Amino acid sequence: MTSRICVASHHTSIAELLSDAEFRGFKGRDGFLVELRLDFYSDLSSATLSAALTAVGTECVVTCRHPDEGGKNPKLTDAERLAYLQQAADAGVRYVDIEARTRRGNFRKGRSQLILSFHDFNAVPDEAALTAQWTLMSGDADADVIKIATTPQTMLDGVRLLNLLTNARDSKRSAIVLGMGEFGFWTRVCGPLFNSPLTYARGEGAPGTAPGQLTWRELDELYRYREIRPGWPVYGVIGNPIGHSLSPLLHNTAFRALKLDGLYLPFKVDCDAAEFVRVFAPLGIRGLSVTIPHKETVGAACTEIDPVAKAIGAVNTLVLKPNGTWFAANTDAFAAAKALEQASGTLKGKRVLILGAGGAARAVAFGVRELGATVLVANRTRERAETLAREANAQVIDLKELATQKIDALVNTTPLGMHPKIESSPLEKEQIPQGSIVFDTVYNPLRTRLLNSAAERGCKTVEGWVMFVGQGLRQFELWTGQSAPHELIEHVILNALQQRQKR
């Protein structure tokens with residue numbers, strides 16, 4: 001069974017819906033449905049409903065939501081709501097959605113399928129309450145699909161939703177289980193893994209009808225929603241915050257280009273990272289990217305850590321091994337060193353100055369040292385620089401000494417120059433060693449003040465997005481054993497960053 005994308009009508013009237021070419025265009029389009037939210041429409045009548053069904057076709061979901069579950073028209077009585085839904089069923093629409101709380105009386109679904117639904121816009125009920133709700137709805141003989149949409153307040157709230165999905169799949173019960181908001185993002189994409197019949201999306205530029213809805217184009221083109229089948233491996237990035245991440249674009253582009261089964265998702269993880277890895281195992285996760293603030297703690301979930309990652313003290317990649325245990329690595333070091341090596345030809349014997357002493361600085365230091373570079377470190381807090389220098393066999397220098405030092409390459413690992421403070425820079429133009437290679441790990445904006453100043457000094461420059469792409473490509477290779485299309489990935493990431501800067 002192919003799970004379909006249901007594009008929810010956000011319109012305030014049926015007249016507005018009828019004038020929307022985007023929604024009229026879904027009529028007869030394979031793999032898509034339209035949801036008609038009758039409680040939204042100010043001009044709702046039997047005649048206008050007939051006109052709407054003519055415009056979008058009967059391959060739709062029709063609901064008239066109860067006010068206690070998000071309905072927008074409290075003046076409609078239950079009897080009036082059911083009369084409109086009966087009209088839709090008599091017309092033979094694919095689905096009619098009625099809340100479990102609504103007494104259906106003499107409602108006849110006919111050729112339509114009944115979605116029996118429950119919504120909680122405030123929380124996810126506790127395990128006992130959720131199980132009771134599921135049992136009650138599953139016992140309704142007329143229900144073809146059970147829909148439960150709740151609002152997780154933490155990532156771990158989603159475990160209860162994952163349990164529902166797993167139980168529904170194992171019992172062969174057709175179910176739609178959704179978590180509204182950022183913590184439930186994954187549920188809007190993972191339904192096909194559990195044989196869910198559909199997910200909900202919003203139109204392009206539309207506000208959506210529930211928190212966290214993606215656009216139908218994102219679901220279809222970025223996440224390949226209509227292609228997902230049970231058993232697809234799941235990958236993702238864990239962090240907090242995570243909404244800005246371009247990793248889903250990078251990896252899903254690679255899976256699509258190589259025609260590989262695989263789904264990559266962003267997970268907003270506000271709990272212990274190792275705990276997340278353990279409790280979300282039933283989702284079928286095979287690999288994870290790791291970003292702030294979990295790089296130094298997620299290693300607790302692993303039985304094996306790459307020596308470079310162990311030396312750095314930070315992990316950005318998890319790989320599930322065939323025996324079910326996790327292997328940890330750090331591809332930031334590899335990517336930074338490769339970016340510099342490509343710019344310089346070789347790093348062997350080169351003197352590389354690193355600005356900063358945080359996690360990114362540690363990755364760069366160990367990465368370039370592995371390729372034979374001599375590492376120098378400068379940081380505004382000298383004690384931190386000295387700690388890194390001891391561990392990476394590096395030399396600490398003061399920025400005042402730059403004029404007396406031979407520097408072949410300079411890497412900024414500090415956030416100075418990052419959006420929105422784009423006028424800041426870790427160095428003034430006069431401090432930048434002439435003839436050196438200058439690499440800024442900041443990639444928003446694409447061209448930082450440091451890079452512009454370096455170019456004016458005659459230096460070769462390397463933009464931060466190069467490292468981002470490099471670490472992602474290495475992750476993809478660790479997970480799949482295949483090389484992602486480098487040029488294509490560079491193109492889509494660079495284009496996405498350019499589009500962001502225009503906003």
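User: Which helices and strands do the buried residues of H3 pack against?

Analyst: Happy to start there. In this predicted model, the buried residues of H3 pack against helices H1 (14-18), H2 (21-24) and H4 (78-90), and against strands S2 (32-37) and S3 (60-63). Packing here rests on heavy atoms within 4.5 Å.

User: Which residues of H3 are buried, and what makes them count as buried?

Analyst: In H3, which spans residues 46-56, they are Leu-49, Ala-52, Leu-53, Ala-55 and Val-56. Buried means under 20% relative accessible area, so each of these five falls below that cut-off.

User: Why are they said to be on the same side of H3?

Analyst: The buried residues cover an arc of only 160 degrees around the axis, which puts them on the same side of H3. On the other side, Ala-47 and Thr-54 are exposed. Exposed means over 50% relative accessible area, so both residues pass that mark. Just after the helix, Gly-57 takes a positive phi of about 85 degrees.

User: What makes strand S10 mostly covered?

Analyst: Six of the six residues in S10 (263-268) are buried. Leu-263, Leu-265 and Phe-267 lie on one side, with Tyr-264, Pro-266 and Lys-268 on the other, and both faces are covered.

User: How do you know that S9 and S10 pair?

Analyst: Pairing needs at least two bridges, and six join S9 (residues 234-239) to S10, so the two strands qualify. They run parallel. One of the partnerships is Tyr-235 with Tyr-264 in S10.

User: What makes S9, H9 and S10 a right-handed unit?

Analyst: S9, helix H9 (residues 247-257) and S10 make a right-handed β-α-β unit. With the strands pointing away from the viewer, the path from S9 over H9 to S10 runs clockwise, so the crossover is called right-handed.

User: Why is S10 called an edge strand?

Analyst: The open sheet of six strands has the order S10-S9-S11-S13-S14-S12, with mixed pairing. S10 and strand S12 (304-305) each pair on one side only, and so they are the edge strands. Elsewhere in the sheet, S13 (residues 317-320) and S14 (residues 326-329) pair in the antiparallel sense over four bridges, with Val-319 opposite Phe-327.

User: What makes the enclosed space a cavity, and which elements line it?

Analyst: A cavity is where a 1.4 Å probe fits but cannot get out. The structure holds one of 30 Å³ or more, and the volume of the largest is about 40 Å³. Strand S7 (175-179), helix H7 (187-190) and strand S8 (198-201) give two or more residues each to the lining. S7 supplies the largest share, three residues.

Note on methods:
Residues numbered from 1 in each chain as written. Predicted model: local features only at pLDDT ≥ 70, side-chain atom pairs only at ≥ 80, totals over all residues. Heavy atoms only, no water. Buried < 20%, exposed > 50% of the residue type's maximum accessible area, 1.4 Å probe, protein only. Arc of directions from axis to C-beta. 1 Å grid on protein atoms, 1.4 Å probe; cavity = no way out; pocket = protein on both sides within 12 Å on 5 of 7 lines; lining within 4 Å. Points joined across faces, edges and corners; volume = space filled by probe spheres on them.
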